[in-house]
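User: I am new to this structure and would like to be walked through it with a few questions. Could we begin with what a term means before we apply it?

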Amino acid sequence: MKKFTLGEIAEACGGKFAGSDSDKNIEITSVERDSRQIKNGSLFLAIKGERVDGHDYIEKCYESGAVCAVCEKPPVNADKPYILVDSTLDAVKKIAKAYRKKFDIPVVGVSGSVGKTSTKEMLYAVLSQKFKTHKTQGNLNNELGVPLTLLSMPEDTQAAVIEMGISDFGEMTRLSEMVQPTICVLTIIGCCHLENLVDRDGVLKAKTEMFKNAAKNAEYILNGDDDKLYSVTEVNGKKPIYFGFASDNDYFAEDIKNNGEGGISCALCFDNTKLNVTIPAIGSYMVSNALAAVAAGRLLGLSDEQLINGVESYKTVGSRANVINTGKIRIIDDCYNANPTSVKASLDTLVNFSGRKVAILGDMKELGTDELKLHLETGKYAKEKGVDLVIAAGELAKELAKGADGEWFANVEQMKSAIPALINEGDTVLVKASHSMRFEEIVDFLKEQF
């Protein structure tokens, strides 16, 4: 990482430094919250969690090579420096903000109700054609994950793509204070986290908090197909760049053909230019993600060839529209998370496949007072799209099954016992639910059975 001394860190977070004056000149090599990841030169973040208190591991981290700990109480028999703070979680945000300021590089901030991670991965694939690019790993997109992502930027980073996920007002303000994006990308304003954000207008308000802390002369890339985002006509004195399927967007697509596992072929259009690409993904929504990435790439001076190569080098991550062929059935593992907008997009993908189409769906959490209505509407959507069978589990998903005229089970275990009699050889099976439903167990069960 870039030169970052203990003195700078203590000053950044306003902590009380315990150590000699010469210790303040020590440079750290990494920032770690997990004692098992400590290396020589690491700064250890002692965080008190629900099950484990990091303060209990400070001495072990010192022994493993840590040069300092940020902590809320003094270590016992500390023989190395530490920085005492009121809240380690608050401190790491301030430390990350200070480290971010060391980089004068393009930083793309990505958010939205649906497609944050796939858009982040597409942006990474595109920008990596020109820059040494740093990106959010896994799901590190919250108020601990974002600072850890920033603090893991190597010294030679030339561009960064930072995913930001929120569930309440104020969170995006705190995240963007650290990220200070030079390009802001918003994908979709959907029905998610409504228990806090109330409705889509609330989601829009919360997501666009990002703009408050954008860098000077930042650019804004918004989904013009989304009615809420299209209503944003000016940000900090600038007209946003719109992307989407509709031809009145600045970046739009033509000749879209979904070839199932063969990818999606299309022409990405802008400024009298057409880039013919094949996106290695199964969901047509990936065309929209590619348009956002191409828009960002053009702002940063990528050539048409680099843009094409970037889009075509995209790779999916984790349980996000990952296709698994077992030899008997085809599984679309999309069980990472779910809300009505993302489930409908996945159903759109499912019906592009040949053969019998089955959707195994579960509760969609954090939808507020309209949660039952939203589940019912999602089930009806599946039926209207021509899904042959919906199998649902969870108390909320009872309404989903009702809307789809499908099968319902109280929990995952009951569902698993019934699945062998409901799935046929040759089926394409979508698996999707909120992460807390643990539908990865369903994916594993399907692979074992078929």
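Analyst: A residue is called buried when its relative accessible area is under 20%, and exposed when that area is over 50%. The model we are looking at is a predicted one.

User: Is asparagine 249 buried or exposed?

Analyst: Asparagine 249 is found in the loop between strands E11 and E12. Its relative accessible area is 5%, and the limit for the lower class is under 20%. Asparagine 249 therefore counts as buried.

User: Which side chain makes a polar contact with the side chain of asparagine 249?

Analyst: Not counting residues up to four places away in sequence, asparagine 249 touches Gly224, Asp225, Tyr242, Phe243 and Gly244. Its side chain also reaches the backbone oxygen of alanine 246, at 3.0 Å. The side-chain to side-chain polar contact, likewise listed at 3.0 Å, is made with aspartate 225.

User: Is aspartate 248 buried or exposed?

Analyst: Aspartate 248 is found in the loop between strand E11 (241-243) and strand E12 (252-258), and its C-alpha lies 9.3 Å from that of aspartate 225, although 23 residues separate the two in sequence. Its relative accessibility is 56%, and the upper class begins over 50%. Aspartate 248 therefore counts as exposed.

User: What is the order of the strands in the open sheet of 3 strands?

Analyst: The pairing in this open sheet is antiparallel, and its edge strands, each pairing on one side only, are E12 and strand E14 (273-279). Strand E13 (residues 264-270) is joined to E14 by 7 bridges, and serine 265 stands opposite threonine 278 in E14. The order of the strands is E12-E13-E14.

User: Which helix lies across E12, E13 and E14?

Analyst: Helix H11 (residues 304-312) lies across E13 and E14, running at about 25° to E14. The helix asked for comprises residues 285-299 and runs at about 40° to E13. The helix that lies across E12, E13 and E14 is H10.

User: Which residues touch the most other members of the largest nonpolar core?

Analyst: The largest nonpolar core has 78 residues, and helix H3 (residues 88-100) gives the most to this core, with 5 residues. Apart from it lies another core, of 38 residues, with Met122, Val287, Ala293 and Val311 among them. Phenylalanine 211 has contacts that include Cys184, Leu186, Tyr220 and Leu222. In the largest core, the residues that touch the most other members are Ile83 and Phe211.

Methods
Residues numbered from 1 in each chain as written. Predicted model: local features only at pLDDT ≥ 70, side-chain atom pairs only at ≥ 80, totals over all residues. Heavy atoms only, no water. Core = buried A, V, L, I, M, F, W, Y, C linked by side-chain atoms within 4.5 Å. Buried < 20%, exposed > 50% of the residue type's maximum accessible area, 1.4 Å probe, protein only. Helix = DSSP H or I, 4+ residues; strand = E, 2+ residues; numbered from the N terminus. Contact = heavy atoms within 4.5 Å. Pairing = 2+ DSSP bridges. Axes fitted to C-alpha atoms, helices over the stretch in contact; angles between N-to-C directions. Polar contact = N/O pair within 3.5 Å; in protein donor to acceptor, adjacent residues only side chain to side chain.
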